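Reader: I should like to understand how the terms applied to a structure are justified. May I put some questions to you?

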Amino acid sequence: MHFLICLKQVPDSSEVRIDPATNTLIREGVPSIINPYDAHALEEAMRLKEKFGGKVTIISMGPPQAKEALRKAMTFGADRAILLSDRMFAGSDSLATAYILTVAIQTINDTDPVDVVLCGKEAIDGDTAQTGPGIAERLGYEQLTYVIKIRDMDQSSITVERKMEDGREVLKAKLPVLITVEKELNDLRYASLPNMMKAAAYEPEVWEAKRLPFDPSQMGLKGSPTSVSRIFAPPAKSGGEILDGLQDPVGTAVNVVEKMFQQNIIMVHPLAKGGR
Amino acid sequence: METFDVIIVGGGPAGLSAAISAAKRGMRTCVIERGDYPGTKNVMGGVLYTWATDKVVPEFWLEAPLERPVIEQRYGILSGNEILSVAYRDPDWDHPPYNAHTVLRVKFDRWLAKQAESAGAMIITETVVHDLLYQGQEVVGVRTGRQEGDLGAKIVILAEGVNNFVAQKAGLAKPLNAENVAVVVKEIISLTPEKIEDRFCLETNQGATIELFGESTQGMLGTAFIYTNKDSISIGVGVLLHPLIHTKWTPHDLLEAFKAKLYVKRLLQGGETKEYLAHLIPEGGYNAMPRLYRQGVMVVGDTAMFVNAIHREGSNLAMTSGKIAGEVAAEAIHAGDVSEANLRHYEKRVRDSFIIKDLYKFRKTGNFFEENPHLLKLYPEIACNAMKVFFTANETPKKEVYKNMMKMTFKKRSRSELTKDIIHAWRAFQ
Ligand SMILES: Cc1cc2nc3c(=O)[nH]c(=O)nc-3n(C[C@H](O)[C@H](O)[C@H](O)COP(=O)(O)OP(=O)(O)OC[C@H]3O[C@@H](n4cnc5c(N)ncnc54)[C@H](O)[C@@H]3O)c2cc1C
């Protein structure tokens, strides 16, 4: 089986700040990491490979520096890593990015059919969660998003559990399939020394735009209808109100409950209304 | 098990220099570093010396991430808010061949690692070496903390820095003790280049260093330092662990007290602390050196105690010893003889170099200051007092001024004590 991972290098969001004057991200000096969700997608691919055999290919679209992330990704034990890097890709939004990745996957698929594409559920520097589904649509693959468990897989189908707001959903889909994953899917393992060495010596392939049958109007700024009008840091939450309970404990308790009703934190259930 | 010619434990200046010199001589070389990448774990003041670095990477200044070339070095003593200092400035030091640069190790070590990779060495990061690997009595590689973590090597170079765990396990080094290590805390404080240049009287591409003794360390053996980077100041205090243990001072409080000194405060004014770092420096010197080699193993840099505390030199000793070890490793492997007898060349060559000659020269100074704790407390006071009297212009005739200076001095330290101190000092530096 052939597992393909779409992986993005992102700024370590715990260290990104926003320049209050210009409202742009200060990326300078911020270390880059593998998008955490993508790392779990890769880990799952490795586990599937161990179980079912086959190979793991990683692709990433990004600037030349993203090679670092790919080399790091290779420490998981993947077989091949390809960086899609070209000035023409610069400025792509999630629509254009999905397009570019799709063309690359199709190209790989021509010589080496892909069974499962795995993506993180979203990138932590954009939080759009659109790229994976965008690829699945274009490839015409089944898509399973927010996967937290792979229950079962065989040559032709896969059964997964999806994370829903109010529970889990178990779905079965035909291969080939694209899944986007949550962090709960697995625990990352500590790479073995042989894998570390393979990765240290590995030189990721770099594919430029001219290598693939691209439609230039669908990529880069031209192919990106999204425009970011403003970026801002959410206002810091102000501290809560403190009520002194020492003087009049009962009064304070009543006061608190009143406030909770006012702010709809607690409500009277419609069925219980009559009884109030 | 994969096998290399040379495995180097630790990717600091010593290990990376060893890697560059071994790889350049055609050795299959691997550096194993526990940090995310070389430099993340490393701290120095830091002044990087041109001569030693140039020997490892010729004309490194064209590409390396350096902060500022040092054109002025100031030494001083602090007593209360009084300061007595001398500085030497040579503007010619701002262009090749330079003398020294300030650096930030996170950037510099990472760059040096890239040079090692270009020379052909492999660098494995985020991996800790736990021990040497033996076959009978012979060292045949290293054992790391990863799965399938053994790696073979004809020669292992121990460049693990001050925390010499592997060298200890191998029976080459002893555990550190409080007399042999200094603890240093340091902050990086951001400041605009314009402010830095104004406050230190520098041109755009010039840097300065200040080292202060005396009350800057509350009279303990050690120094406080202030170095200019491009757009930040490195400031720190380092003291020997032994005296520190016997005071109420914590390293952090020492640094805060130093920063509160008026002179220092003014230099830092308006700056914002960006990083807080702490590290040990091995200062045991000549008498505390470990065994430097055995069959299949050489010990370099801080692990070998190669630090000249008096002259604030460490990185250059590390790089030079690393380079020599890399060369000796290549020669031994070419000759097919990695026996103890053959690796003796390594020790011989570091002994013939400035490294051990300098350590030998200062072999008694540490003890001298330890045994005479008054020196760093009393003399700064005496000197500052004397200068104050000397420079004060009032009705006192100069003849009396000089007399007063002597009187004040002898009140604090009698003639015989003074003579003794001078003789002891002279002996200590012999
Ligand atoms: C605050 C401070 C200021 C200093 N100022 C100066 C200065 O201005 N000028 C100067 O020349 N010197 C200075 N020094 C001294 C200088 O920093 C050291 O002498 C020099 O860094 C020694 O280099 P090294 O390669 O031997 O050790 P290190 O730089 O300590 O490198 C050791 C490396 O080994 C790695 N390592 C350790 N154990 C293992 C293991 N088991 N497995 C894998 N990796 C391991 C570490 O992560 C580290 O990267 C200063 C030191 C300090 C602490």
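Author: Let us begin with a term. Helices are DSSP runs of H or I with at least four residues, and they are numbered from the N terminus. The model before you is predicted.

Reader: Where is A:N264 placed in these terms?

Author: A:N264 is in the segment after α6 (249–262) of chain A.

Reader: What makes the phi of A:N264 worth a remark?

Author: Most residues other than glycine have a negative phi. Phi of A:N264 is near 60 degrees, a positive value in a residue other than glycine. Likewise, B:Q218 has a positive phi, near 55 degrees, and B:Q218 is located in the loop between β12 (207–214) and β13 (222–228) of chain B.

Reader: What kind of peptide bond joins B:G45 and B:G46, and what is its omega?

Author: The bond between B:G45 and B:G46 is cis, with omega about 5 degrees. B:G46 belongs to the loop between β2 (29–32) and β3 of chain B. A cis peptide bond also joins B:P96 and B:P97, again with omega about 5 degrees, and B:P97 sits in the loop between β5 (82–89) and β6 (100–102) of chain B. As a general matter, most peptide bonds are trans.

Reader: Why is the meeting of A:K72 and B:E126 called a salt bridge?

Author: The rule asks for a side-chain nitrogen of Lys or Arg within 4 Å of a carboxyl oxygen of Asp or Glu. The side chains of A:K72 and B:E126 meet at 2.9 Å, N to O, so the pair satisfies the rule. Across the interface of chain A and chain B, the rule finds 1 salt bridge, while the count over all chains comes to 42.

Reader: What does the salt bridge between A:E203 and A:R71 tie together?

Author: The closest N and O atoms of A:E203 and A:R71 are 3.0 Å apart. A:E203 lies in the loop between α5 and β13 (205–207) of chain A, and A:R71 in helix α2 of chain A, so the pair ties together parts that are 132 residues apart in sequence.

Reader: How many residues of chain A are in contact with chain B, and what area is buried between the two chains?

Author: In chain A, 11 residues are in contact with 17 residues of chain B. The buried area is about 1200 Å², and carbon and sulfur atoms give 62% of it. On the side of chain A, A:Y190, A:L193 and A:M197 lose the most area to chain B, together 51% of what that side buries.

Reader: How do you know that the ligand is in polar contact with B:R105?

Author: A polar contact requires a pair of N or O atoms within 3.5 Å. A polar side-chain atom of B:R105 lies 2.6 Å from an oxygen atom of the ligand, so this pair meets the requirement. The side chain of B:S315 also has an N or O atom 2.6 Å from a ligand oxygen, and for a backbone N or O atom of B:A14 the distance to an oxygen of the ligand is 2.9 Å. The protein buries 96% of the 1000 Å² that the ligand exposes when taken alone.

Reader: Which strand gives the most to the shell around the ligand, and which classes of residue make up that shell?

Author: β15(B) gives the most, with 3 residues. The shell has 17 nonpolar, 12 polar and 8 charged residues.

How values were computed: Residues are numbered from 1 along each chain as its sequence is written. Chains are lettered from A and ligands numbered from 1 in the order in which they are written. This is a predicted model: local features need pLDDT of at least 70, side-chain atom pairs count only at pLDDT 80 or more; totals for chains, interfaces and linings use all residues. Side-chain values use heavy atoms; hydrogens and water are left out. Contact means heavy atoms within 4.5 Å. Buried area is the accessible area (1.4 Å probe) that two parts lose on being put together, summed over both. A polar contact is a pair of N or O atoms within 3.5 Å; within protein, one must be able to donate a hydrogen and the other to accept it, and residues adjacent in sequence count only if both atoms are side-chain atoms. Accessible areas come from the Shrake-Rupley method with a 1.4 Å probe; for residues, only the protein chains shown count as cover. Helices (H or I, at least four residues) and strands (E, at least two) are DSSP runs, numbered from the N terminus. Ala, Val, Leu, Ile, Met, Phe, Trp, Tyr, Cys and Pro count as nonpolar, Asp, Glu, Lys and Arg as charged, and the others, Gly among them, as polar.
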